Each structure stands twice: as C-alpha cells, then as structure tokens.
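Me: I would like to work through this protein one question at a time, from its overall layout down to single residues. Please set out the reasoning before each answer.

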Amino acid sequence: MKSVDPSATASTAAASTAAAKEPSRRDFLSRVGQGVVAAALVVPAAVSVRSLVPNALYEKPRRLKVGAAESFAPGPTFLPEQKVYVFREQRVFHCLSATCTHLGCTVQLARLAAGTAPESFEFHCPCHGSRFRGDGTNYDGPAPRPLDYYALALAPDDGQLVVDLSEVADKGWRLTVS
Ligand code: FES
C-alpha cells in the first residue's frame, strides 16, 4: 500500500490556494479593457461639457462710476477698489493712478503742507521706496516713470463721476464740472 506524505499534501494545497488568489492573465486583460472603454466614454464627455463653457474673459469693467462730483472733499480721495486718487480743486477734478510704476504696489499719500492742491502732497511707495510728487512725477527710487493719469467724465444718466481706466490720459488732464 502506498503511503501519503502529509507535508506534501499540505504544500500542494497551499500552492493551489495561492494560484487561485493571483489574478490570471485573462483577468488582467479584462481590467485593462474595462479601463480603455471607461476612458473612451469619459474623455469625450468631458470635452463636450467643456465646450458648453465659453472661452470668454470676465474682466472688471474699465469705466466705473465713483460717486457724485459734489460728494468729493477738496483735495485727494483714495478709491481703493479702483486704486486711484481723485483730486478735487473747487470744480476741477483729475484722477491719478495709485499703482506704482516700478512693480505695481499701491502708493501711499503723504501730506507735505497745508492745503488741498496737488503740490501739498506726495505719493510714497512702501515696497521699494519710490517717491512721486503730487502731480505724479517720479523723483526718487526705482520707479521708471510718473504715475498714470486717467480721464474722468460725468455719467449722462445720473451725473456721477466716471473713471475711465481703459486709457491713460495726458499728464495734467482735468475735468471741470459746471
Ligand atoms: S513697487 Fe513701488 S518702488 Fe517698487
């Protein structure tokens, strides 16, 4: 009678269990195929959804109402949203950019003397020390050019001041409000 080695039987059983747990070549190819099919469905769907979103730039409007002319106090008023200073001298208005012409920091107003005229003020840049006179002229620090002027207008519907940030105006540009 043939005797059976119990240890050989146990190792054969363990090997067949391990083989059963390992994915077969067929399973592997099946999963790869499923992945390819899923990608083939998802990519065109994503492209279709993206095509519904227009390639438009949603920029802030460049012409902005900033309030009634008479609401501005004499001298400079900083408008943080537009990053500009609106100067009022009696009925004459002008608008200077608060963006430093070096690297774009916001310049700070500094009072030099009493009064509301531009000569009574300067603009100092907190980032690298550029300095500008009240009329925007750069005179110290790394800023390469004066502060920009922007045109002002009166809105035809309600008479508010409108700042036009779309175009740089000539230095010395003024609006007289009657
Ligand atoms: S950003 Fe104003 S001096 Fe540099």
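**Layout, sheet and core**

Reply: Along the sequence of this predicted model, the elements follow one another in the pattern α-α-β-β-β-β-β-β-β-β-β-β-β. That amounts to two helices and eleven strands.

Me: What percentage of the residues of the protein count as buried?
Reply: A residue is taken as buried if 20 or more other C-beta atoms lie within 10 Å of its own. Applied to the 178 residues of the protein, this gives a buried share of 17%.

Me: Is helix 2 covered or hardly covered, and what is the count of buried residues in it?
Reply: Helix 2 takes in residues 25–51, and its 27 residues should span 39 Å at 1.5 Å a residue, which agrees with the 39 Å between its end C-alpha atoms. Helix 2 is nevertheless hardly covered by the rest of the protein, since the count of buried residues among its 27 residues is zero.

Me: Which strand gives the largest share of the largest nonpolar core?
Reply: The largest nonpolar core has 21 residues, and among those with the most contacts inside it are Val84, Tyr85, Val86 and Cys95. Strand 3, strand 4, strand 9 and strand 10 (160–169) are the elements that give two or more residues to this core. The largest share, four residues, comes from strand 3.

Me: Which residues does Val86 touch, leaving out those up to four places away in sequence?
Reply: Val86 is one of the residues with the most contacts inside the largest nonpolar core. A contact here requires C-beta atoms within 7 Å. With residues up to four places away in sequence set aside, the residues that Val86 touches are Val66, Phe72, Thr77, Leu79, Phe93 and Cys95.

Me: Why is strand 4 described as largely enclosed by the rest of the structure?
Reply: The description rests on a count of buried residues along the strand, for which 20 or more other C-beta atoms within 10 Å are needed. Strand 4 is largely enclosed because the number of its six residues that are buried is five.

Me: Which strands does strand 4 join through two bridges, with His94 and Leu96 facing which partners?
Reply: Strand 4 is joined to strand 3 by six bridges in an antiparallel arrangement, in which His94 is the bridge partner of Phe87. Two bridges also join strand 4 to strand 9 (residues 149–154), again antiparallel, and there Leu96 has Tyr149 as its bridge partner. Two further antiparallel bridges lead from strand 4 to strand 11 (residues 175–176), where Val92 stands opposite Thr176. The strands joined to strand 4 through two bridges are therefore strand 9 and strand 11.

Me: In what order do the strands of the open sheet lie?
Reply: The sheet is built from four strands with antiparallel pairing. Its edge strands, each pairing on one side only, are strand 5 (108–111) and strand 8 (138–140), and the twist averages 35 degrees from one strand to the next. Strand 5 is joined to strand 6 (residues 121–124) by four bridges, with His124 as the bridge partner of Gln108. The order is 5-6-7-8.

Me: Is Gln90 buried, partly exposed or exposed?
Reply: Gln90 sits in the loop between strand 3 and strand 4 (92–97), a hairpin with two residues between the strands, and takes a positive phi near 55 degrees there. Most residues other than glycine have a negative phi. Because Gln90 has 9 other C-beta atoms within 10 Å, it counts as exposed.

Me: How does Lys83 count, by its C-beta neighbours?
Reply: Lys83 is not a glycine, yet it has a positive phi of about 55 degrees, and its place is in the loop between strand 2 and strand 3 (84–89). With 14 C-beta neighbours inside 10 Å, Lys83 counts as partly exposed.

Me: How far apart in space are Thr77 and Leu109, C-alpha to C-alpha?
Reply: Thr77 lies in strand 2 (residues 75–79) and counts as partly exposed, with 18 C-beta neighbours inside 10 Å. Beyond its neighbours within four places in sequence, Thr77 is in contact with Phe72, Tyr85 and Val86. Although Thr77 and Leu109 are 32 residues apart in sequence, their C-alpha atoms are separated in space by 9.6 Å.

Definitions and conventions:
Residues numbered from 1 in each chain as written. Predicted model: local features only at pLDDT ≥ 70, side-chain atom pairs only at ≥ 80, totals over all residues. Axes fitted to C-alpha atoms, helices over the stretch in contact; angles between N-to-C directions. Buried ≥ 20, exposed ≤ 12 C-beta atoms within 10 Å, placed from the backbone. Contact = placed C-beta atoms within 7 Å. Core = buried A, V, L, I, M, F, W, Y, C linked by C-beta atoms within 7 Å. Expected span 1.5 Å × (residues − 1).
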